[in-house]
Amino acid sequence: MVTCACIAACDEQKAHTAPAIYERDSVSMMTSYGINTLISDSGVIKYKIVAERWDVNTVRQPSRWTFEKGIFMEQFDEQFHVEGYIQADTAWYYDQQKLWELRGRVYIRNVNGLVFRSEEFYWDGVRHEFYSYKFSRVVTPERTLEGTYFRSDEHMTHYEVTNSVGSFQSSDMEGDQNQTASNSSSTAPGDSAAPAPPVRQAATRHKAAQKSVYQP
């Protein structure tokens, strides 16, 4: 009787398995920790990325890299000199669209001493421009600008701030007003540009609003 009871007990044992994951797009293809890597573009080293965690998901639409624990990124010129750096609390890179989305405490500084702060930041690798729809603050050695919309080239040498307030040197006022009138149409996104992913569609929504444009 004891032997039969043991055999019956063995037959009733069940394997303890975790439930299956049905939504495959929630699973990262690669997860790495303690990232400190260099990224090249056309065979030339362009960026250095430092992050606590890096997830790569090629199944989600659109496919993306995720940096949930924050990111620090340096940008280099062709001589491997640092042109600037970017850091943020959270970041996503949509590799098919070549689009970076940064959230949280976004901080940017370039070699010319320009400092940018915001809670949102986009880097469009197709159009080669930066932009943000959140309150942004731009500080240079000559001026300070604040506004609800920011757009710039990748080097932050030509930029504009919409619905802005700021302080300027008195000698800059007349020249900046003339530049605003002459350059606002040329710096606005073109209506005939190639079709863009949904995250880019709002890039033109402020083009008719009042702008403060800086083009040295």
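The exercises below concern strands, cores and salt bridges in a predicted model.

Residues are numbered from 1 along each chain as its sequence is written. Local features need pLDDT of at least 70 and side-chain atom pairs count only at pLDDT 80 or more, while totals for chains, interfaces and linings use all residues; side-chain values use heavy atoms, with hydrogens and water left out.

**Exercise 1. Strand β10**

Task: Determine which strands pair with β10, and which residues are on its covered face.

Solution:
- Strands are DSSP runs (E, at least two residues), numbered from the N terminus. Two strands pair if DSSP finds at least two bridges between them.
- Strand β8 (residues 115–124) is antiparallel to β10 and joined to it by four bridges. Arg 117 stands opposite Arg 137 in β10.
- Strand β11 (residues 144–147) also runs antiparallel to β10, again with four bridges. Here Val 139 stands opposite Thr 144, and a hairpin of four residues joins β10 to β11.
- The covered face of β10 (residues 136–139) holds Ser 136 and Val 138; Arg 137 and Val 139 are on the uncovered one.

**Exercise 2. Nonpolar cores**

Task: Find which residues have the most contacts inside the largest nonpolar core, and which strand gives the most to it.

Solution:
- A nonpolar core is a set of buried Ala, Val, Leu, Ile, Met, Phe, Trp, Tyr and Cys residues joined through side-chain atoms within 4.5 Å. Buried means under 20% relative accessible area, exposed over 50%, and partly exposed in between (1.4 Å probe, protein chains only).
- The largest core has 29 residues, and Phe 67, Trp 100, Phe 116 and Phe 121 have the most contacts inside it.
- Elements giving two or more residues to this core include β2 (44–57), β7 (99–110) and β8. With five residues, β2 gives the most.
- A second, separate core has six residues, among them Tyr 122, Tyr 131, Tyr 133 and Tyr 149.

**Exercise 3. Salt bridges**

Task: State how many salt bridges the whole structure has, and which residues are linked with Glu 120 in a network.

Solution:
- A salt bridge is a side-chain nitrogen of Lys or Arg within 4 Å of a carboxyl oxygen of Asp or Glu. The search finds six.
- Glu 120 pairs with Arg 103 (2.9 Å, N to O). Glu 120 lies in β8 and Arg 103 in β7, so the pair ties together parts 17 residues apart in sequence.
- Glu 120 is buried at 4% relative accessibility, whereas Arg 103 is partly exposed at 24%.
- Glu 101, Arg 103 and Glu 120 are linked in a network.
- Another bridge joins Arg 151 and Glu 160 (3.2 Å, N to O), and both residues are buried.
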